[in-house]
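Trainee: Could we go through this structure together? I would like to begin with the packing and then turn to the ligand.

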Amino acid sequence: MPRELIEKLWQRGREFLGVELPVMGGAMSWISESNLVAAISNAGAFGVLAGGNMPPEMLKEEIRRTADQPDRPCGVNLITIAPNFRSHLDHVLDIGLPFVILAGGLPPREAIARIKQTGSRLLCFAPTVGIARSLLRGGVDALIIEGHEAGGHIGPISTAVLAEQILPRIHEVPVFVAGGIGSGVMMVHYLMMGAAGVQLGLVAQIERKAISVKEAALKLEEFWIGALRRAVIDGDVTRGSVMAGQSVGRVKDIMPVRQILEHLIDEAVAEAEQILKRLER
Ligand SMILES: Cc1cc2nc3c(=O)[nH]c(=O)nc-3n(C[C@H](O)[C@H](O)[C@H](O)COP(=O)(O)O)c2cc1C
C-alpha cells in the first residue's frame with residue numbers, strides 16, 4: 001500500500017523521464033561526468049551530464065562516452081552564462097539529444113526554440129510562477145525548481161517557499177524539486193504536493209566509480225569557483241566557498257549509487273506508511 005502510493009505519485013515523472021525512479025542526479029560541474037551519469041541511469045534513476053564550462057572538445061567527448069554507457073535515459077545540462085555556452089549549444093543542436101537541461105539564469109528564447117526544433121525534451125529552472133509560465137509559453141517541457149539549499153547554487157528563495165508557490169499552480173508540465181532533499185522522507189512530501197520527482201546533488205552521487213569529490217573540487221577551483229580549494233582542501237570555511245548543500249550532512253558513507261537509491265526508496269516507503277497510519281487514526 002505505501003509503495004503503491006509512491007508509485008501513483010511519481011508516475012508522471014517516470015513517464016516523462018522514461019525511468020523507474022524519477023530522481024534526477026543533478027548536474028554538478030566537473031563532478032557529473034560520463035561514469036557517474038551512467039552509474040545513476042543504470043541504477044534506474046536519471047543521470048545528468050554537467051556541461052559546466054568544459055572546453056567544447058571535452059564536452060563532445062563526454063557526450064560520446066555517455067552515449068556509449070547507459071542503455072537508459074539521461075540528460076545533458078548546459079549553463080547559459082558559461083563562456084563556452086554557445087559552442088556547447090551548437091554541438092548539442094548538431095547531434096540532437098533526447099533530454100537537455102538549461103541552467104544559469106533565464107535561458108535565451110532563441111536557444112529554447114532551437115533546442116525544441118531538434119525534438120529534445122527541454123527542462124529549465126523556474127524561480128517564480130511568472131517565469132515558469134513564460135518558459136511554458138516558450139515550449140519548455142518540464143521545470144525544475146531549485147531552492148537556495150541546493151549545493152553549488154546561490155538562489156535567494158528556499159525550496160519550501162518555491163514549492164508552495166509553484167507546485168499548486170503549475171500543472172501543465174512535470175515539475176521536479178531540487179535543493180536540500182537528503183532523504184526519501186522529503187521526496188514523498190514534495191511528491192504529495194504535486195512534484196513529478198526530485199533532483200539531488202551530492203547526496204545521490206557519492207559513488208566510488210566516478211572521479212572523487214576531492215578531485216572534482218580541485219577542478220571546480222581551477223575552472224569555475226574561486227575560493228573552493230581554501231574551504232574544501234585547507235578547511236578554511238570562513239573565507240572559502242563550500243560547494244555542497246546542507247543535506248550533504250546526511251552522507252555517512254561512500255556507497256554505490258544503486259544502494260543510495262534503494263535506501264532513498266526504503267525511506268520513502270517508510271514515510272508513506274507513516275502518512276497512511278496517521279490518516280487512519
Ligand atoms: C558542486 C556542485 C556543482 C553544481 N553544478 C551545477 C551545474 O553545473 N548545473 C546545474 O544546473 N546545477 C548544478 N548544481 C546543482 C545540482 O545540480 C543540484 O540541483 C543541487 O545540488 C541539488 O541540491 P542538493 O545539493 O541540496 O541536493 C551543482 C551542485 C553542486 C553541489
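Mentor: What follows covers the nonpolar cores, the aromatic pairs, the ligand and one serine.

Trainee: What kind of model is this, and how are residues numbered?

Mentor: This is a predicted model, in which local features need pLDDT of at least 70 and side-chain atom pairs count only at pLDDT 80 or more, while totals for chains, interfaces and linings use all residues. Residues are numbered from 1 along each chain as its sequence is written, and side-chain values use heavy atoms, with hydrogens and water left out.

Trainee: Which residues touch the most other members of the largest nonpolar core?

Mentor: They are Val23, Leu102, Leu143, Ile145 and Ile170, in a core of 64 residues. Helix α11 (residues 257-280) gives the largest share of this core, 7 residues. A nonpolar core here is a set of buried Ala, Val, Leu, Ile, Met, Phe, Trp, Tyr and Cys residues joined through side-chain atoms within 4.5 Å. Buried means under 20% relative accessible area, exposed over 50% and partly exposed in between, with a 1.4 Å probe and protein chains only. Helices (H or I, at least four residues) and strands (E, at least two) are DSSP runs numbered from the N terminus.

Trainee: And what does isoleucine 170 contact?

Mentor: Beyond its neighbours within four places in sequence, isoleucine 170 is in contact (heavy atoms within 4.5 Å) with Val129, Ala132, Arg133, Leu136, Leu143 and Val175. Another core, of 16 residues, lies apart from the largest one and includes Leu17, Val19, Ala142 and Ala196.

Trainee: Turning to aromatics, how many pairs are there?

Mentor: The count is 3 aromatic pairs, where rings of Phe, Tyr and Trp (its six-membered ring) pair if their centres lie within 6.5 Å; planes under 30 degrees apart are stacked, over 60 edge-to-face and the rest tilted. Phenylalanine 16 and phenylalanine 99 have ring centres 5.9 Å apart and planes at 75 degrees, so this pair is edge-to-face. Phenylalanine 16 belongs to helix α1 (residues 2-17) and phenylalanine 99 to strand β4 (residues 99-103), so the pair ties together parts 83 residues apart in sequence.

Trainee: Which residue of strand β2 pairs with phenylalanine 99?

Mentor: That is phenylalanine 46; strand β2 covers residues 46-50, and the two residues are 53 apart. Their pair is edge-to-face, with 5.0 Å from centre to centre and 80 degrees between the planes. Phenylalanine 46 and phenylalanine 99 are buried. Ring pairs link Phe16, Phe46, Phe99 and Phe176 into a cluster.

Trainee: Now the ligand: which polar atoms approach its oxygen atoms?

Mentor: A side-chain N or O atom of asparagine 77 is 2.9 Å from a ligand oxygen. A backbone N or O atom of glycine 180 lies 2.7 Å from a ligand oxygen, and a polar side-chain atom of glutamine 199 lies 2.7 Å from one. The protein covers 96% of the 610 Å² of accessible area that the ligand has on its own, by the Shrake-Rupley method with a 1.4 Å probe.

Trainee: Is glutamine 199 buried or exposed?

Mentor: Glutamine 199 is buried, with a relative accessible area of 8%. The residue lies in strand β8, and its contacts outside four places in sequence include Met24, Phe125, Glu146 and Val177.

Trainee: Finally, where is serine 41?

Mentor: Serine 41 is in helix α2 (residues 34-42) and is buried, with a relative accessible area of 0%. Not counting residues up to four places away in sequence, serine 41 touches Phe46, Gly47, Pro70, Arg72, Pro73 and Cys74.

Notes. A polar contact is a pair of N or O atoms within 3.5 Å; within protein, one must be able to donate a hydrogen and the other to accept it, and residues adjacent in sequence count only if both atoms are side-chain atoms.
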